[in-house]
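Here is a friendly walk through a structure you may not have met before. Take a look at the sequence and the model, and then we can go through some of the local details before stepping back to the whole.

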2 protein chains.
Amino acid sequence: MKSNIHNLDSIFKPRSIAVIGATMREGSLGRTVMKNLVEYEFNGKIFPVNPRKEVVHSFKCFPGVLEIPDDVDLAVIIIPKEYVLQAVDECGKKGIKGLVVLTAGFREVGGEGIKLEERLAQIVRKYKMRVVGPNCMGVINTDPAVRMDATFSPESPLEGNIGFLTQSGALGVAIISQTRRYNLGLSMFASIGNNVDISGNDLLEYWENDPRTDVILMYLESFGSPRKFTQIAKRISKKKPILAVKAGRTTAGAKAASSHTGAIAGADIAVDALLEKCGVIRVASIEEMFDIAVAFSRKKYPKGKRVAIVSNGGGPAIMAADACTSVGLEIPPFSKNTRQKISRSLNKIAATSNPVDMIGMAGPNEYEKVLHYVINDKDIDSVLAISVTPPTLVDPMSVIKKIENASKKTGKPVLTVVMGKDVMRAHADDSGVPDLPTYEFPEPPAKALAEMLRYSTWQQKPEGNIKKFKVDKKSVKKILDKEQSKKSHYLTNKQVFEILSAYNMPIAASHIAKTHEKATVIAEKIGFPVVLKVVAKDLVHKSDIGGVALDLRNRGEVIEAYYEIKKQVDAVKTASFEGVLVQKMIEAGKEVILGMTSMEQFGPLLMFGLGGVFVEIIKDTQFRPAPITDLEAEEMIQSIKGYPILKGIRGEKGVNIPVIKECLLKLSQLVCDFECINAIDINPFMVGEKAESSFIVDARILVGWY
Amino acid sequence: MKSNIHNLDSIFKPRSIAVIGATMREGSLGRTVMKNLVEYEFNGKIFPVNPRKEVVHSFKCFPGVLEIPDDVDLAVIIIPKEYVLQAVDECGKKGIKGLVVLTAGFREVGGEGIKLEERLAQIVRKYKMRVVGPNCMGVINTDPAVRMDATFSPESPLEGNIGFLTQSGALGVAIISQTRRYNLGLSMFASIGNNVDISGNDLLEYWENDPRTDVILMYLESFGSPRKFTQIAKRISKKKPILAVKAGRTTAGAKAASSHTGAIAGADIAVDALLEKCGVIRVASIEEMFDIAVAFSRKKYPKGKRVAIVSNGGGPAIMAADACTSVGLEIPPFSKNTRQKISRSLNKIAATSNPVDMIGMAGPNEYEKVLHYVINDKDIDSVLAISVTPPTLVDPMSVIKKIENASKKTGKPVLTVVMGKDVMRAHADDSGVPDLPTYEFPEPPAKALAEMLRYSTWQQKPEGNIKKFKVDKKSVKKILDKEQSKKSHYLTNKQVFEILSAYNMPIAASHIAKTHEKATVIAEKIGFPVVLKVVAKDLVHKSDIGGVALDLRNRGEVIEAYYEIKKQVDAVKTASFEGVLVQKMIEAGKEVILGMTSMEQFGPLLMFGLGGVFVEIIKDTQFRPAPITDLEAEEMIQSIKGYPILKGIRGEKGVNIPVIKECLLKLSQLVCDFECINAIDINPFMVGEKAESSFIVDARILVGWY
């Protein structure tokens, strides 16, 4: 449907812009947009369009785009919504390829607005135009060859290498102002509004190949198409870091909250799992995004956890060490050699171990020398240089310049904390975005170092493979085809058994007995002890009515249990007894739970965790969107807190971990093969020392439509 | 030793100050201090002292304090350390009561510095002077009746109601500058340096009764006397909030890391437990402290979790809702009445539910009305008002004024987020500390609201009682007296049994048998099944050598186990077999662990947790400094994650919780009665449905000197 993505050039690199709704009326958006374009010194031609004006901002004004004698690449539309469709149609006729529609009052207001937006979409498609908006705050390109601020932001951003996209216009205005204060330089900016055409995914792909964009920031409220997003974001993350704030943590829920897996998974867990899968760095707030982005934008990532701290004050050094430690970084001792060199450069009461406290009298020379030594220590991966603005003769700017020089000469990240007088702001005002990532407090750069390390580790991590097991897909299809037109419901024990068996998952042998005689025959065949489970229509929670009898050791106990269960079911009016399932009693091994819940928007989300109280009380579980690779399956298993229990603690032998991995991968294959499966709980899966002694004891599958 | 605390008045409210070391030399501290005193317009007399000057800063300069004709209350000393003692002695002779010694080179440099500081202390005590420092950056009192900035900070703070004390001078300089940017007004400030005399505790007590100080902030690196601090801080916290950053998370460790409890407790856990006990709000960073203090300084605390969010932009409103939810606050729906009133005041496309999105065109009138309605909704406890600086005709300052007015009229806290242009800074520069707590992002005020709620809940919480159980303290004393002069070691099983029994803790009956015949006799007496445990010299980890035999069901099994254990011990060269302990096998109930570890500085720290894998893997434990009250014991038990397991889940009956509580309280009493106990692990304590069926199965006690 959509044409080649390079069409976004008409929006971000236009040679001429028509401003439809340009005006000089105080307080109007049309005025602000016009002034921003002119004052930010757009490199191309600007044509104001307004039938009631002859001149706007000293430019000759045209009654409509069709009257403009020159070619126009982009039209920025900021007129009342009633006139938008006609203006857009004229843009199409004029051959304009790009539109930015700032006007609000479309889908976001519901009712008539939705219809209006649909008609807008039709016209746009007819002329094959590309559109940002409607209901947005515009776009910016800081490229000196373009210099376009087509927004109504009261401030323009600094030039830099960060692409920023926002789904909230209100936030966009605030963000641009704040980037200045955080010394963040932008390459491009886009507020996508209702994204009738151009989506976040389109922008990601556009910035993927933009040489001026090294880091991508996103403020998201929803994912248009999570699957497509995953694909695109994963590919781009391997090249450029993507940082995202995803707001609206409580807006969506799991479809199948009645399942165990669904009850634990929330929308936010799904978002976390999705972003983690594609290497997107999720941050908790805009402030944290800025703090981390400042560091990322310098494109130097630490190779390991080892941080050197160099300070001219003890307190801030200790705080920095605390901050690093609390995000998993290390403050290792220096080599003897490094330490000796540091000692020789400093006052004898200075602390020469890591963190280095050069004390208050340290000036530019001390910083220069000590930074040189610690940067060249091969056991150091990154440096945090702290300058507490001193009250005496030392000029803080000269110290900052030395840190900046040291930083330029190394591939290791050097982050800086300047505490005290507002030196950095002055620094920034002097010279645009400074080369040195600088912070007011030690905690944010520590966090930034940790995130950079996590990102570069992710970048280098092997992909892993999505295994395709040989399975009997046909049989499963046959079972599910009959079920999926019905309302959402749980499959029977028998169906579940057949489906998991078809995918070669080790479900414990079980057979249905419709009489007590049959039950005893089966029990003798599979060997005591056995378990009986009720088989009954319209009964989901077996154990609620005493529908399970455990550890039956002889014929007599089986018969007694058979009639006890029957009695219980007969007492429930809505249910009807159909027999019992006779299953081998599995005693050895550890309980684990495998599950899947289908999330609104997000598709199937796999879960792994320790069973029993661990899943109920501690919620010690891991989630990944399906399909998962073999490495992801391993990660899921290894990253639960209770993993040592599976490996074996207190001298106990561990359980067979490969069988868990294989089962997770098969589950992944199953839920991707059959989208009609809404939820699965495999609980418990009793895992023994060997694969052969590991059995799925119970499982539930939810299918059908809502 | 120390005299009446009101003597601090000579330091914080002097009528005359001698500046010993005053000079006008560029870049010297003597110049900065002199200039700060003069330029901040100290209300009393200033006398520069410097034998080499006649005039300093246009003041007549004296060669020594003894030459000053007037009375002097305070001397600020900033001369080379070699001359400090003589100067202090002269101050004593002159009758000066207060000293602030900025000079460094004392205890902090070790060696000679330590001796110098000891001599300083002697002179000070001789004249009964009070001293801040040495090695500090001075003190400030912003009281208009005093106006004293006796520091070398390049900026003076704004006037306000916050007392700030710091153990780091370097940080102090930074902090004062930063308070201005955070719109924090200070009442007093003190950098305590090496606190040769005046400690943090002294300042807390001084500010306790200072009517100008409503909030106390502390930057701490160590506790001089944690027990005294607890006492003082707990009392003051009931009246005024105390916020603390405690840096240096990895500096101290548990004495008995070999014990279970010791292995889990770290110094940081001890600090957390200590601060929590006395109601001090521990924050992770200076930035967080400022963010929270801004809100606290207005002295309006929420009565509950229910926050109303009022915004002129959707994105920021969603972020604010996320932020509130993630710190445990709630964004409840408004009453129908409130909602109707809001609807009538706003554009029809505005969102009138909570959070309210008034959309971009909302001006001062909309803010005024909507704030009035939500503040007066009885189901709302606090308000977060957000203004995204709009690009159009609305003047952001007029909106802020309306929010400020609404805030003034209510006892509910109203916090404000102003995103975008740096309006608030301008606001602050206009009029000092603004009346309205204002933030740049929504996350910090959400955190502040949560902390204020937590604090006011703590303030109102009943104290609870420290129960005194009737115990046989004498017997325990007899046992311990014999042991405590030895090196640190574990007591024998028998001793542990006797000690816990003397405090009426339900330790499972057990008897020592030195022959297999005796073992069988005991087993028959207490009833099968039984457990045998090795008794041997120099053997701590019983289970390591197979020294425990469980579930012995008859005489034969007991005899076999006896010789098996003996064989194992005989194989260990260093150990010598002395017999076995025969104990009733306890099968029913849940495992819990009770413990104590004695922390450097902090004294005994009690632990409670679920036993087994919960304590080993999940570390689901709670700590409190002993002694604990009955309410604290309840809190410890109820606040572990696994509490539902104790209450009973999946239809299982719960265990007897009062018996756990009683045992914790007795443990508290025991460790407070005997300081020589370094660590106790009561693990497992098998708790059954009834108190009578709950037994301590094993326990270890570590005593003696290190």
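Let's start with a pair of strands in chain B: strand 8 (residues 138-141) and strand 9 pair in the antiparallel sense, over four bridges. Keep in mind that this is a predicted model. Within the pair, Gly138(B) sits opposite Thr151(B) of strand 9. The two strands form a hairpin with six residues between them, and there Arg147(B) takes a positive phi near 50°.

What about the side chains of strand 9? In a regular strand, side chains alternate between the two faces of the sheet. Strand 9 (residues 148-151) of chain B shows Met148(B) and Ala150(B) pointing one way, with Asp149(B) and Thr151(B) pointing the other way. All four of these residues are buried.

Chain B also has an open sheet of five strands with parallel pairing, in the order 16-15-17-18-19. Which strands stand at its edges? They are strand 16 (356-357) and strand 19 (438-439) of chain B, and each has a single partner strand, so one side of each is left without a neighbour in the sheet. The partnership at one end is easy to follow: strand 15 (residues 307-311) and strand 16 of chain B pair in the parallel sense over two bridges. Here Val310(B) stands opposite Val356(B) in strand 16.

Now for some helix packing. Two packed helices are described by the angle between their axes and the distance between the axes. For helix 3 (residues 84-94) and helix 4 (residues 112-126) of chain B, the angle is about 5° and the axes are 9 Å apart. Angles under 35 degrees count as roughly parallel, and that makes helix 3 of chain B roughly parallel to helix 4 of chain B. Helix 3 brings Val84(B), Leu85(B), Val88(B), Asp89(B) and Gly92(B) to the contact, while helix 4 brings Arg119(B), Leu120(B), Ile123(B), Val124(B) and Lys126(B). By type, the residues of this contact come to six nonpolar, one polar and three charged.

Next, a few backbone oddities. Most residues other than glycine have a negative phi, and most peptide bonds are trans. The table collects some places that go the other way.

| Place | Backbone feature | Value |
|---|---|---|
| Gly133(A) to Pro134(A) | cis peptide bond | omega near 0° |
| Asn354(A) to Pro355(A) | cis peptide bond | omega near 0° |
| Asn504(A) | positive phi | near 55° |
| Asn504(B) | positive phi | about 55° |

Where do they lie? Pro134(A) belongs to the loop between strand 7 (130-132) and strand 8 (138-141) of chain A. Pro355(A) is in the loop between helix 12 (336-345) and strand 16 (356-357) of chain A. As for Asn504(A), look in the loop between helix 18 (493-502) and strand 21 (510-513) of chain A. Asn504(B) has its place in the loop between helix 18 (493-502) and strand 21 (510-513) of chain B. Is Asn504(A) buried or exposed? Somewhere in between: it has 14 C-beta neighbours inside 10 Å, so it counts as partly exposed. Asn504(B) also has 14 C-beta neighbours inside 10 Å and counts as partly exposed.

Time to zoom out to chain A as a whole. Its secondary structure comes to 24 helices and 30 strands. Its C-alpha atoms fill a box of roughly 100 × 80 × 40 Å along the principal axes. Of its 706 residues, 54% are buried. Among contacts in chain A with a separation of 6 or more, 72% join residues 24 or more positions apart.

Finally, how do the two chains meet? The contact takes 55 residues from chain A and 54 residues from chain B. Several elements of chain A give two or more residues to its side, among them helix 2 (29-39), helix 5 (169-181) and helix 10 (286-296). Helix 11 of chain A gives the most, with seven residues. The chain A side divides into 27 nonpolar, 17 polar and eleven charged residues.

Chain A can be laid on chain B with an RMSD of 0.1 Å, by a turn of 180° and a shift of 0.0 Å along the axis. That is the relation of a two-fold axis. Which residue of chain A comes closest to the rotation axis? It is Ile618(A), whose C-alpha is at 4.2 Å. What's more, 98% of the interface residues of chain A are also interface residues in chain B, so the copies meet through the same surface.

Notes: Residues numbered from 1 in each chain as written. Chains lettered and ligands numbered in written order. Predicted model: local features only at pLDDT ≥ 70, side-chain atom pairs only at ≥ 80, totals over all residues. Contact = placed C-beta atoms within 7 Å. Nonpolar A, V, L, I, M, F, W, Y, C, P; charged D, E, K, R; others polar. Least-squares fit on C-alpha atoms with pLDDT ≥ 70 in both. Buried ≥ 20, exposed ≤ 12 C-beta atoms within 10 Å, placed from the backbone. Pairing = 2+ DSSP bridges. Axes fitted to C-alpha atoms, helices over the stretch in contact; angles between N-to-C directions. Parallel < 35°, antiparallel > 145°, perpendicular 65-115°, else oblique.
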